[in-house]
Amino acid sequence: MTTKKVEVQQAVMAADLSYAQKIKDRLKEKGILMVNLIGSPGSGKTTLLEKTLGKDGLRAAVIEGDVATDRDAKRIEATGVPSIQINTDGGCHLEANWVDSTIDKLPLDELDIIFVENVGNLVCPAEFDIGEDHKVAISSVPEGPDKPLKYPLLFTEASAVVLTKTDLLPYVPFDLDLYWGDVGKMNPKAKRLDMSCAKGEGLEEWSRILRSWLEEKRNG
Ligand SMILES: Nc1nc2c(ncn2[C@@H]2O[C@H](COP(=O)(O)OP(=O)(O)O)[C@@H](O)[C@H]2O)c(=O)[nH]1
Ligand SMILES: [Mg+2]
Ligand SMILES: [Zn+2]
């Protein structure tokens with residue numbers, strides 16, 4: 001019984017990887033960067049998108065992954081940027097085959113970057129390659145500083161770690177040195193960013209990171 005379970009899992013993952021590769025090939029041909037935002041519900045993923053979209057000169061689109069509703073997609077639409085909702089109908093992460101059937105609905109010839117807001121969850125979204133160039137781990141001050149150690153896969157896989165809601169540091173106990181110390185030990189190469197969308201802090205650095213990733217992708 002145990003062996004059978006393992007076989008099934010391998011088959012699913014293999015299928016997923018072929019879709020992911022298909023997406024990567026397509027986006028490489030078009031010179032589009034794909035960034036996969038992963039964090040808990042309420043960590044500030046949609047707010048970060050609202051604060052950056054259309055303001056940094058990058059032509060963006062958003063794929064919104066949610067268990068139900070198109071609320072986040074509507075918030076993104078209000079910024080004037082194309083957005084597509086994938087409802088997972090209870091599923092706790094996005095998979096590459098869903099993203100594959102979605103990206104061609106976007107105006108690919110007019111884009112520099114596609115953001116994917118993954119289903120709010122620090123666990124399994126990190127396990128799935130959905131064709132992205134970079135995973136970004138997003139966690140917020142009220143969630144506490146222990147999240148990197150408790151969810152190591154995401155914080156190890158991420159190309160950048162964003163700590164949101166730093167405006168709440170005066171009100172919520174949070175040990176910044178502990179948080180960034182753990183991230184540094186687990187994933188020394190990840191870019192590290194303090195962010196407050198409420199105060200507009202960290203947004204310029206975020207844009208610089210995105211631009212450097214786009215340049216890297218287009219120049220080789
Ligand atoms: N204090 C504070 N609240 C924030 C900040 N960013 C987002 N929020 C709030 O956090 C809540 C969840 O934000 P949302 O972007 O919907 O989170 P998501 O579920 O990760 O997409 C909302 O009430 C936001 O207004 C921030 O920088 N500071
Ligand atoms: Mg959201
Ligand atoms: Zn899941």
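Here is a conversation about the metal sites, the ligand 1 site and a few residues of this predicted model.

Visitor: What makes Cys 92, His 93 and Cys 124 the donors of the zinc ion (ligand 3)?

Guide: Donors are N, O and S atoms within 2.8 Å of the metal. Here the SG of Cys 92, the ND1 of His 93 and the SG of Cys 124 sit at 2.0 to 2.2 Å from the zinc ion (ligand 3), so these atoms meet the cut-off. Along the chain, the donors follow the spacing C-H-x30-C. The two cysteines link distant parts of the chain, being 32 residues apart: Cys 92 is in the loop between β3 (83-87) and α4 (96-103), and Cys 124 in the loop between β4 (113-117) and β5 (134-140).

Visitor: Why is Cys 124 called buried, and what is Cys 92 called?

Guide: Buried means under 20% relative accessible area. Cys 124 has 11%, so that residue counts as buried. Cys 92 has 36%, and a value between 20% and 50% is called partly exposed. Cys 92 is therefore partly exposed.

Visitor: How do you know which residues hold the magnesium ion (ligand 2)?

Guide: The same kind of test helps, with donor atoms within 2.8 Å of the metal. Thr 46 through OG1, Asp 72 through OD and Glu 117 through OE coordinate the magnesium ion (ligand 2) at 2.0 to 2.1 Å. Their spacing along the chain reads T-x25-D-x44-E. Asp 72 lies in helix α3 (residues 71-77) and Glu 117 in strand β4, so this pair ties together parts that are 45 residues apart in sequence.

Visitor: Why are Thr 46, Asp 72 and Glu 117 described as buried?

Guide: Set each value against the limit of under 20%. Thr 46, which lies in helix α2, has 4% relative accessibility and so counts as buried. Asp 72 has a relative accessible area of 12%, so Asp 72 is buried. Glu 117 is at 4%, and therefore counts as buried too.

Visitor: What makes the link between the side chains of Thr 46 and Asp 72 a polar contact?

Guide: A polar contact is a pair of N or O atoms within 3.5 Å, one able to donate a hydrogen and the other to accept it. The contact that joins these two side chains is 2.9 Å, so the distance falls inside that limit.

Visitor: Let's turn to ligand 1. What surrounds this ligand?

Guide: There are 16 residues around ligand 1, with Gly 42, Lys 45, Thr 46, Thr 47 and Asp 167 the closest. By class, the shell comprises four nonpolar, seven polar and five charged residues. Helix α2 (residues 45-52) gives the largest share, three residues.

Visitor: How do you know that oxygen atoms of ligand 1 have polar partners in Thr 47, Gly 44 and Ala 198?

Guide: Again the limit is 3.5 Å between N or O atoms. For the side chain of Thr 47 the distance is 2.5 Å. A polar backbone atom of Gly 44 is 2.9 Å from an oxygen of the ligand, and for a backbone N or O atom of Ala 198 the distance is 3.1 Å. As for cover, ligand 1 taken alone exposes 580 Å², and the protein buries 69% of that.

Visitor: Why do β2 and β3 count as paired strands?

Guide: Two strands pair if at least two bridges are found between them. Strand β2 (residues 60-66) is joined to β3 by five bridges, so the condition is met, and the two run parallel. Among the partners, Gly 65 bridges to Ile 86 in β3. β3 is also mostly covered, with four of its five residues buried.

Visitor: What makes the phi angles of Thr 69 and Asp 89 worth pointing out?

Guide: Most residues other than glycine have a negative phi. Thr 69 has a positive phi, near 75°, and Asp 89 has a positive one near 55°. Thr 69 lies in the loop between β2 and α3, while Asp 89 lies in the loop between β3 and α4.

Visitor: Which of the terms buried, partly exposed and exposed fits Thr 69, and which fits Asp 89?

Guide: Exposed means over 50%. At 72%, Asp 89 therefore counts as exposed. Thr 69, at 43%, is partly exposed.

Definitions and conventions: Residues numbered from 1 in each chain as written. Chains lettered and ligands numbered in written order. Predicted model: local features only at pLDDT ≥ 70, side-chain atom pairs only at ≥ 80, totals over all residues. Heavy atoms only, no water. Donors = N, O, S within 2.8 Å, 3.2 Å for Na, K, Ca; no water. Buried < 20%, exposed > 50% of the residue type's maximum accessible area, 1.4 Å probe, protein only. Near = heavy atom within 4 Å. Areas by Shrake-Rupley, 256 points an atom, 1.4 Å probe, with all protein chains shown as cover. Nonpolar A, V, L, I, M, F, W, Y, C, P; charged D, E, K, R; others polar.
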